Amino acid sequence: MLKKLANIQDDEPSPPQRPALPRPLPPMRDTPLAQQDELRQRHQVRHDVAEAMKQIAAALKVWVRDLVLDQQRFKTFNGRGHRGEYTVFPEETLAAKLIDLGWTEDQLLALTTMDTPLDLMTSEELAFVLERVNAMLKWFAQNPTGGNFDRACVMYEAIGSVVRRAVQQRTGHPPEQFPTPDVILTGDKHEAKRLKPVPYRAPLFPSEPPQEDPS
């Protein structure tokens, strides 16, 4: 019986090998100083976005009067704001970023370890996300009487559309054309400890540049 099972398993095609997830934080001693500064700046903005997301969840919970919010409704609300800015939902933006890093569409189907594109955004892109969240927080503050959940979603998507136009005006391209970093940053406290400046240790044997084809 075991032999038959082994033969069946041998006949089954192996799943396609998928690329590794984007890199975790590299050791700072192996990272040039300019890149260390860039990572610290990106971490700070990512942390600011994470804190703003907590604030907007709290504000939404107070503002909505017609139903009890659950995790799925918070996800729907955030997705509508993202769609206003990107014209697609966060899952599609994450997939596009991973495709930028070499993933195929088939390989994305098994992905379970990441659930937000925020961890793969540059400082500039994150700054526009923060602008969107803060604009919605301001709207909540200016309309303190509260309302229904659908209205909040509609407003957040509209604000996202305004930020989308701002991205195009200031950068010359839509939000989905920002480059994709190859290092994951979540904005967590443990990352801040690993991002402290250290002297750069250049490799003893740097890789040689590719040779030109003499032909």
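# Reading a helical model, starting from Lys-61

User: Where is the place of Lys-61?

Analyst: Lys-61 belongs to helix α2. Helices here are DSSP runs of H or I with at least four residues, strands are runs of E with at least two, and both are numbered from the N terminus. Before we go on, this is a predicted model, in which local features need pLDDT of at least 70 and side-chain atom pairs count only at pLDDT 80 or more, while totals for chains, interfaces and linings use all residues. Residues are numbered from 1 along each chain as its sequence is written, and side-chain values use heavy atoms, with hydrogens and water left out.

User: Is Lys-61 buried or exposed?

Analyst: The cut-offs come first: buried is under 20% relative accessible area, exposed is over 50%, and partly exposed is in between (1.4 Å probe, protein chains only). Lys-61 has a relative accessible area of 61%, so it is exposed.

User: Which residues is Lys-61 in contact with, leaving aside neighbours within four places in sequence?

Analyst: A contact means heavy atoms within 4.5 Å. With those neighbours set aside, Lys-61 touches Leu-69 and Phe-74. The C-alpha atoms of Lys-61 and Phe-74 are 8.9 Å apart, with their positions 13 residues apart in sequence.

User: How do I check the span of helix α2?

Analyst: The expected span is 1.5 Å times one less than the number of residues. Helix α2 has 31 residues (33–63), so it should span 45 Å, and its end C-alpha atoms are indeed 45 Å apart.

User: Which residues of α2 are buried, and what covers them?

Analyst: A general idea helps here: an α-helix has 3.6 residues a turn, so residues three or four places apart point the same way. The buried set in α2 includes Arg-42, Val-45, Val-49, Ala-52, Ile-56, Leu-60 and Trp-63. Their cover includes α3 (71–86), α6 (123–142), α7 (149–171) and α8 (189–194). Trp-63 also gives us a handle on α6: Ala-141 is 78 residues away from Trp-63 in sequence, yet their C-alpha atoms are 9.4 Å apart. Ala-141 itself lies in helix α6 and counts as exposed at 59% relative accessibility.

User: How many helices and strands are there in the protein?

Analyst: There are 8 helices and 0 strands. Of the 215 residues, 37% are buried. For contacts with a separation of 6 or more, 76% come from residues 24 or more positions apart.

User: Where does Thr-122 lie?

Analyst: Thr-122 is in the loop between α5 (105–108) and α6. Its relative accessibility of 18% makes Thr-122 buried. The side chain of Thr-122 reaches the backbone nitrogen of Glu-125 at 3.2 Å. Beyond four places in sequence, Thr-122 is in contact with Arg-42, Phe-178, Pro-179 and Pro-181. Arg-42 is one of the buried residues of α2.

User: How many salt bridges does a search of the whole structure find?

Analyst: A salt bridge is a side-chain nitrogen of Lys or Arg within 4 Å of a carboxyl oxygen of Asp or Glu. The search finds 12. One of them joins Glu-85 and Arg-132, at 2.6 Å from N to O. That pair links distant parts of the chain, with Glu-85 in helix α3 and Arg-132 in helix α6, 47 residues apart. Both Glu-85 and Arg-132 are buried.

Another salt bridge pairs Lys-97 with Glu-125, their closest N and O atoms being 3.1 Å apart. Lys-97 is in helix α4 (residues 90–100) and Glu-125 in helix α6, so this pair ties together parts that are 28 residues apart in sequence. Lys-97 and Glu-125 are buried. There is also a network, in which salt bridges with shared partners join Arg-80, Arg-83 and Glu-157.

User: And what about Arg-73 and Asp-70?

Analyst: Arg-73 and Asp-70 form a salt bridge too, with 3.8 Å between the closest N and O atoms. Arg-73 is partly exposed at 31%, and Asp-70 is partly exposed at 36%.

User: Where does pLDDT stay under 50?

Analyst: pLDDT is the predictor's confidence in each residue, from 0 to 100. The protein averages 86, and 84% of the residues score at least 70. pLDDT stays under 50 over residues 1–15, where the model has 0 contacts beyond four places in sequence. Residues 210–215 also stay under 50, again with 0 contacts beyond four places.

How values were computed
A polar contact is a pair of N or O atoms within 3.5 Å; within protein, one must be able to donate a hydrogen and the other to accept it, and residues adjacent in sequence count only if both atoms are side-chain atoms.
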